[in-house]
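Reader: I am new to this structure and would be grateful for a close look at a single part of it. Please describe that part in detail, and then place it within the rest of the chain.

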Amino acid sequence: MKELEVKAQESGQRFDKYLSRYLKEAPKSFLYKMLRKKNITLNGKKASGNEKLEVNDKVQLFFSDETLEKFMGEEKEMKKGSLEILYEDENVIFINKPAGMLSQKAKKEDVSLNEYLAGYLLDSGAMTKEDFRTFHPAVCNRLDRNTSGIVAAGKTMAGLQTMTQLFRDRNLHKYYLALVKGIVKEEAHIKGYLKKDETSNKVTITKQPQKDAVLIETKYTPIGCSKENRLTLLKVELLTGRSHQIRAHLASIGHPIVGDAKYGDVQVNKKYHTQYKVKSQLLHSWKLVLPQLEGELANLSDMEITAPVPKVLKQIITKEVKTAEGEIG
């Protein structure tokens, strides 16, 4: 018999989900059969599987070592690497993702921020290999591979569920910095309709509704410009979070982001690649403002998280763009 004790990061999830993670090679039908036969119990009692787990709950598995080993399988891959941590507590962690890193895997062989996060939590002692069998910390929002900036992740079930819900319901404010072609003189709130082509992984923006297109809204404010080089630094508030939204929306009004190979201006991109070695779009998830929160994440109420500007973007701003004093830090 093996006994497991539910830890803080695992609490709040359904018992059957917990079992499916720990015994990930076991069919669900097998797990429910073991529950019915009391070969799996919760706090010494028969369970149905739909119970919500609490800290210190005891899970008993009346299996042989060979059966346990068979159904537990191999643990997921973890990667060691340096992460820039912006804020961390027992429930959540905010990371400044560099351009070039995936937020989540696109293919099985990919290595993403999730794998580096697992490696970081293992190295820091926040979690053990055994902990990963029943709960995997994960990112709550995604940035394009070549967009830098703030990614939030849940270290516990409460952190993961709460932050994911905040992003899904748009109950927080997300601000980006974007260096764009052309002079933008006034702030604006623009709307459009976005349609994604899954084959090309590219989106198109129209002003009028069309089949399979979704409504998007983007606000921007110019905070600096270079009249000589015809560039503007924008603070962008993402009101609806759709794939490639900021990049395609700004390009659709004649202000593509510098360095954007998919939606950008070829000549502008070539110039800044030559001068500054710009290899990706100069779009940075800069600031996150959280709402009033209750419960386990109440300590995050009204918190403002800011991610330092990437070196190459800071270099171009310093040399070419006049900004308001202290605007971007």
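Author: In this predicted model, strand 9 (residues 188-197) and strand 10 run antiparallel and are joined by five bridges. Together, strand 9 and strand 10 form a hairpin, with four residues between them. In the turn of this hairpin, N201 has a positive phi of about 55°. Across the pair, Y193 stands opposite T206, a residue of strand 10.

Strand 10 covers residues 202-206, and its side chains alternate along its length. This follows a broader pattern: in a regular strand the side chains alternate between the two faces of the sheet. Here V203 and I205 point to one face and are buried. K202, T204 and T206 point to the other face and are not buried. T206, the residue that stands opposite Y193, thus belongs to the face whose side chains are not buried.

The surroundings of the hairpin may be described next. The protein has eight helices and 15 strands. Its C-alpha atoms fill a box of roughly 75 × 45 × 35 Å, taken along the principal axes. Of the 329 residues in the protein, 47% are buried. The protein exposes about 17200 Å², and carbon and sulfur atoms supply 47% of that area. Among contacts between residues at least 6 apart in sequence, 66% join residues at least 24 apart. The protein has 55 positive and 43 negative charges, and the mean positions of the two sets are 6 Å apart.

Two further residues show other settings in the chain. I85 lies in strand 4 (residues 85-88). I85 is partly exposed, because its relative accessible area of 28% falls between the limits of 20% and 50%. Leaving aside neighbours within four places in sequence, I85 is in contact with I93, F94, I95 and Y120. I95 is ten residues from I85 along the chain, and the C-alpha atoms of the two are separated by 4.7 Å.

S112, by contrast, is found in a loop, between strand 5 (92-97) and helix 4 (113-124). With a relative accessible area of 1%, S112 is under the 20% limit and therefore counts as buried. The side chain of S112 makes a polar contact of 2.6 Å with the side chain of E115. Not counting residues up to four places away in sequence, S112 touches L102, S103, Q104 and K105.

Notes. Residues numbered from 1 in each chain as written. Predicted model: local features only at pLDDT ≥ 70, side-chain atom pairs only at ≥ 80, totals over all residues. Heavy atoms only, no water. Helix = DSSP H or I, 4+ residues; strand = E, 2+ residues; numbered from the N terminus. Buried < 20%, exposed > 50% of the residue type's maximum accessible area, 1.4 Å probe, protein only. Polar contact = N/O pair within 3.5 Å; in protein donor to acceptor, adjacent residues only side chain to side chain. Contact = heavy atoms within 4.5 Å. Areas by Shrake-Rupley, 256 points an atom, 1.4 Å probe, with all protein chains shown as cover. Lys, Arg positive; Asp, Glu negative; His and termini not counted. Charge placed at Lys NZ, Arg CZ, Asp CG, Glu CD. Pairing = 2+ DSSP bridges.
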